[in-house]
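Good morning, and thank you for coming. I should like to take you through one structure this morning, beginning with its aromatic side chains and ending with its charged ones. Please look at the sequence and the model before I begin.

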Amino acid sequence: MVDNAQLQARAEDPSEFHVVDCIAPFNMGTFDLVLGIWLLNYAKDRTELLTMWQNIFHSLKPGGQFVGVIPNYKILQTTACGQEYHFGGVTYKVLERITEGTRIQVVLDTTDPIAFFCYMLEPGLHEECAAQAGFSHLRWEPLPSELDVDLGPLFFQIVTAAC
């Protein structure tokens, strides 16, 4: 993914791309904008989520912005353990309810299906960890309708935070 992003970046843009383990502290410098698309849903508990939010905060310049996209937590709250939720070419299987969230398997319906495991932690936990990391406010927003390809604007949500 990073290689593809680098190929698509405009030469005149001062973009940098990094791959790091976000559940371990790191120092890559500071930036005006940090993107975390499908990042925060890899935290399995409060400790890992707090470390991710701290890494994001410490990677931003004063006044910098974080923008992330994660699945909407409310989507799977009525799906029983072991059951699947199908939507727009993506299958979510609820594997287990955990403290403050849900462990899920995601399968992307492609020619060669892509499957991975991740977590959907409660929005309140994200808010607590973001505040503890130093963010002054956090906003949840639906995916804009103009980006509504197959999945729908309410399926994913955008999370933004500023320092």
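I start with a definition: rings of Phe, Tyr and Trp, the last by its six-membered ring, are taken as a pair if their centres lie within 6.5 Å, and a pair whose planes are over 60 degrees apart counts as edge-to-face. Please also keep in mind that this is a predicted model.

With that in hand, a search of the whole structure finds five aromatic pairs. One of them joins Trp 53 and Phe 66, with ring centres 5.3 Å apart and an angle of 75 degrees between the planes, which is an edge-to-face arrangement. This pair links distant parts of the chain: Trp 53 is in helix H2, residues 46-58, and Phe 66 is in strand E2, residues 60-71, with their positions 13 residues apart in the numbering. Are these two side chains buried or exposed? Trp 53 has a relative accessible area of 0%, so it is buried. Phe 66 also counts as buried, because its relative accessibility is 0%.

Trp 53 has a further partner in Phe 135, again edge-to-face, at 5.4 Å centre to centre and 75 degrees between the planes. Here too the pair links distant parts of the chain, as Trp 53 in helix H2 and Phe 135 in the loop between helix H3 (123-133) and strand E7 (137-142) are 82 residues apart. Both Trp 53 and Phe 135 are buried. Taken together, Trp 53, Phe 57, Phe 66 and Phe 135 form one aromatic cluster.

I turn now to the surface. Leu 33, Leu 35 and Ile 37 make a nonpolar surface patch of about 300 Å². Ile 37 belongs to strand E1, which covers residues 31-37. With a relative accessibility of 47%, Ile 37 counts as partly exposed, because exposed would require a value over 50%.

My last topic is charge. How many salt bridges does the structure hold? There are five salt bridges in the structure. Among them is the one between Lys 61 and Asp 32, whose closest N and O atoms are 4.0 Å apart. Lys 61 lies in strand E2 and Asp 32 in strand E1, so this pair ties together parts that are 29 residues apart in sequence. Lys 61 is partly exposed, at a relative accessible area of 33%, whereas Asp 32 counts as exposed, at 56%.

Arg 46 deserves a moment of our time, and I take its partners in turn. With Glu 100, the side chain of Arg 46 meets in a salt bridge of 2.5 Å, N to O. Arg 46 lies in helix H2 and Glu 100 in the loop between strand E4 (90-98) and strand E5 (101-108), so the pair ties together parts 54 residues apart in sequence. Arg 46 is partly exposed at 33% relative accessibility, and Glu 100 is partly exposed at 23%.

Arg 46 also forms a salt bridge with Glu 128, at 2.8 Å from N to O. That pair links helix H2, which holds Arg 46, with helix H3, which holds Glu 128, across 82 residues. Glu 128 has a relative accessible area of 43% and is partly exposed. Arg 46, Glu 100 and Glu 128 are thus linked in a network of salt bridges.

Technical notes. Residues are numbered from 1 along each chain as its sequence is written. This is a predicted model: local features need pLDDT of at least 70, side-chain atom pairs count only at pLDDT 80 or more; totals for chains, interfaces and linings use all residues. Side-chain values use heavy atoms; hydrogens and water are left out. Rings of Phe, Tyr and Trp (its six-membered ring) pair if their centres lie within 6.5 Å; planes under 30 degrees apart count as stacked, over 60 as edge-to-face and the rest as tilted. Helices (H or I, at least four residues) and strands (E, at least two) are DSSP runs, numbered from the N terminus. Buried means under 20% relative accessible area, exposed over 50%, partly exposed in between (1.4 Å probe, protein chains only). Patches are made of residues with over 30% relative accessible area and no salt bridge: like charges are joined within 9 Å, nonpolar side chains (Val, Leu, Ile, Met, Phe, Trp, Tyr) within 5 Å. Accessible areas come from the Shrake-Rupley method with a 1.4 Å probe; for residues, only the protein chains shown count as cover.
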